[in-house]
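Me: I would like to learn how to read individual features of a model like this one. Can we go through it residue by residue and then by element?

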Amino acid sequence: MVTVRAPATSANLGSGFDVFGAALSRPADVVTVERADRTTIEVTGVGAQYIPEDPEGNTVGAVVEALDAPAHIHIDKGVRPASGLGSSAASAAGAAVALNRLYDRGYSREELVPIAAEGEAVVSGVAHSDNVAPSLLGGFTISTTDGTNSVDARVPLVVCLPDVAVSTRDARRVVPETASMEDLVETVGNAATLAVGMCRSDPALVGAGMSDPVVTPERARLITGYDAVHDAALEAGATGVTVSGAGPALVAACREGDRQAIAAAMLDAFADADIDARAYQTRIGKGATIIEE
Ligand SMILES: Nc1ncnc2c1ncn2[C@@H]1O[C@H](COP(=O)(O)OP(=O)(O)OP(=O)(O)O)[C@@H](O)[C@H]1O
Ligand SMILES: N[C@@H](CCO)C(=O)O
């Protein structure tokens, strides 16, 4: 038996659509695997009722196939599904690390990225790696078709999750197919600024690089109260705010010591829009960890 804690993640970070990702110190899924002749999946925890236990529909099923590693798999969800916090990816990353160890497959964390990404194709139609990469490697990650680079950044974050669901599949439908040269130049500048900020663990630069004129404005429309919550976080001291992953969560970059005020301001703004929400005072953290074997 092997048990792995796999962290939630925030993909895109505004300017890095389908490329940037960050591991969050909390929340996390806990995945336990035991050898079996036939794969069975049991899901408990937050939002478990919305997650298929059939291996065909669960992200961990694709990981079992890719590693040829049948098992009884228990997923204790700490990351709510359809949250924008890489819920589907956390389970896939946790299963990849656990099954790799259980069956002694010997893959490196980097080699597990495309394997875990197969799970993402099951739910969103695209094997994007920007959530599984940080959940496996930790830190800030840059994923391209050539592979993933990671930086062990230390940046405090607040994540605010409203009590509504947005599926990645739906949120991908609103992504514009073209961008103007002006928007492209702005996005490249912001992405480069954010990446430098991560290398320096500088919350001001990370926040400054989070805005994106192409994808985020379209997705923000799917989130009731987005503008008010965004502005409230900035007024409370956030250095930058954007949609986390495909939403509906928002992620705010902050300086140490400001997280509590920012979390409270975001919750108040959602409450003013009649939306229940919860806030996580978190930070960029480590990747999936084996906690028992
Ligand atoms: N192990 C799993 N954990 C969570 N969701 C799963 C899992 N397996 C399948 N799903 C399905 O995936 C969908 C949620 O994935 P989706 O990508 O939409 O959300 P997310 O992972 O929270 O968000 P994001 O990728 O934007 O950060 C739900 O329909 C859920 O039933
Ligand atoms: N990059 C993906 C991440 C989903 O979490 C998207 O934004 O659609």
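Me: Where in the chain is L85 found?

Reply: This is a predicted model, and in it L85 sits in the loop that runs between β4 (71-77) and α2 (87-102).

Me: Is L85 buried or exposed?

Reply: Burial is read from relative accessible area, with under 20% counting as buried. L85 has 1%, so it is buried.

Me: What is L85 in contact with, leaving aside neighbours within four places in sequence?

Reply: With that exclusion, the contacts of L85 are A8, T9, L24, V79, V159, L161, S244, A249 and Y280.

Me: Where does T9 lie, and how should I read its surroundings?

Reply: T9 belongs to strand β1 (residues 2-11). Its relative accessible area is 0%, so T9 is buried. For a polar side chain, look next for a polar partner: the side chains of T9 and N131 are joined by a polar contact of 2.9 Å. Beyond its neighbours within four places in sequence, T9 is in contact with residues including A22, A23, G84, L85, G86, P134 and S244.

Me: Which residues does UniProt place under "binding site"?

Reply: An annotation is a record to be set beside the coordinates. The unreviewed UniProt entry gives this feature at R80, P81, A82, S83, G84, L85, G86, S87, S88, A89 and A90. Of these, P81, A82, S83, G84, L85, G86, S87 and S88 are included in the lining of the largest pocket.

Me: A90 is in that annotation too. Where does A90 lie, and is it buried or exposed?

Reply: A90 is part of helix α2. With 0% relative accessibility, A90 counts as buried. Setting aside neighbours within four places in sequence, A90 touches A6, P7, D29, V79 and S135.

Me: How do I read the burial of a whole helix, for example α1?

Reply: Begin with the general pattern. An α-helix has 3.6 residues a turn, so residues three or four places apart point the same way. Then count the buried residues. In helix α1 (residues 59-67), seven of the nine residues are buried, so the helix is largely enclosed by the rest of the structure. The buried ones are T59, V60, G61, A62, V63, V64 and L67. Their cover includes β3 (40-45), β4, α2 and α3 (109-124). Just after α1, D68 has a positive phi of about 45 degrees.

Me: What is the strand order in the open sheet of four strands?

Reply: Read a sheet from one edge to the other, then look at the pairing sense. Here the order is β8-β9-β7-β10, and the pairing is antiparallel. β8 (240-243) and β10 (277-283) are the edge strands; each has a single partner, so one side of each is left without a neighbour in the sheet. On average, neighbouring strands of this sheet are turned by 20 degrees against each other, direction ignored.

Me: How many bridges link β8 and β9, and what packs on the sheet?

Reply: β8 pairs with β9 (residues 250-253) over four bridges, in the antiparallel sense. One of the paired positions is G240, whose bridge partner in β9 is A253. Helix α9 (residues 226-235) packs on the sheet and touches β8 and β9, with its direction at about 155 degrees to that of β8.

Me: Which residues does the annotation "domain: GHMP kinase C-terminal" cover?

Reply: The unreviewed UniProt entry assigns residues 196-270 to it. That span is 49% helix and 11% strand, and its end C-alpha atoms lie 32 Å apart.

Technical notes:
Residues numbered from 1 in each chain as written. Chains lettered and ligands numbered in written order. Predicted model: local features only at pLDDT ≥ 70, side-chain atom pairs only at ≥ 80, totals over all residues. Heavy atoms only, no water. Pairing = 2+ DSSP bridges. Helix = DSSP H or I, 4+ residues; strand = E, 2+ residues; numbered from the N terminus. Axes fitted to C-alpha atoms, helices over the stretch in contact; angles between N-to-C directions. Contact = heavy atoms within 4.5 Å. UniProt positions renumbered as here; feature names shortened; annotations may be inferred. 1 Å grid on protein atoms, 1.4 Å probe; cavity = no way out; pocket = protein on both sides within 12 Å on 5 of 7 lines; lining within 4 Å. Buried < 20%, exposed > 50% of the residue type's maximum accessible area, 1.4 Å probe, protein only. Polar contact = N/O pair within 3.5 Å; in protein donor to acceptor, adjacent residues only side chain to side chain.
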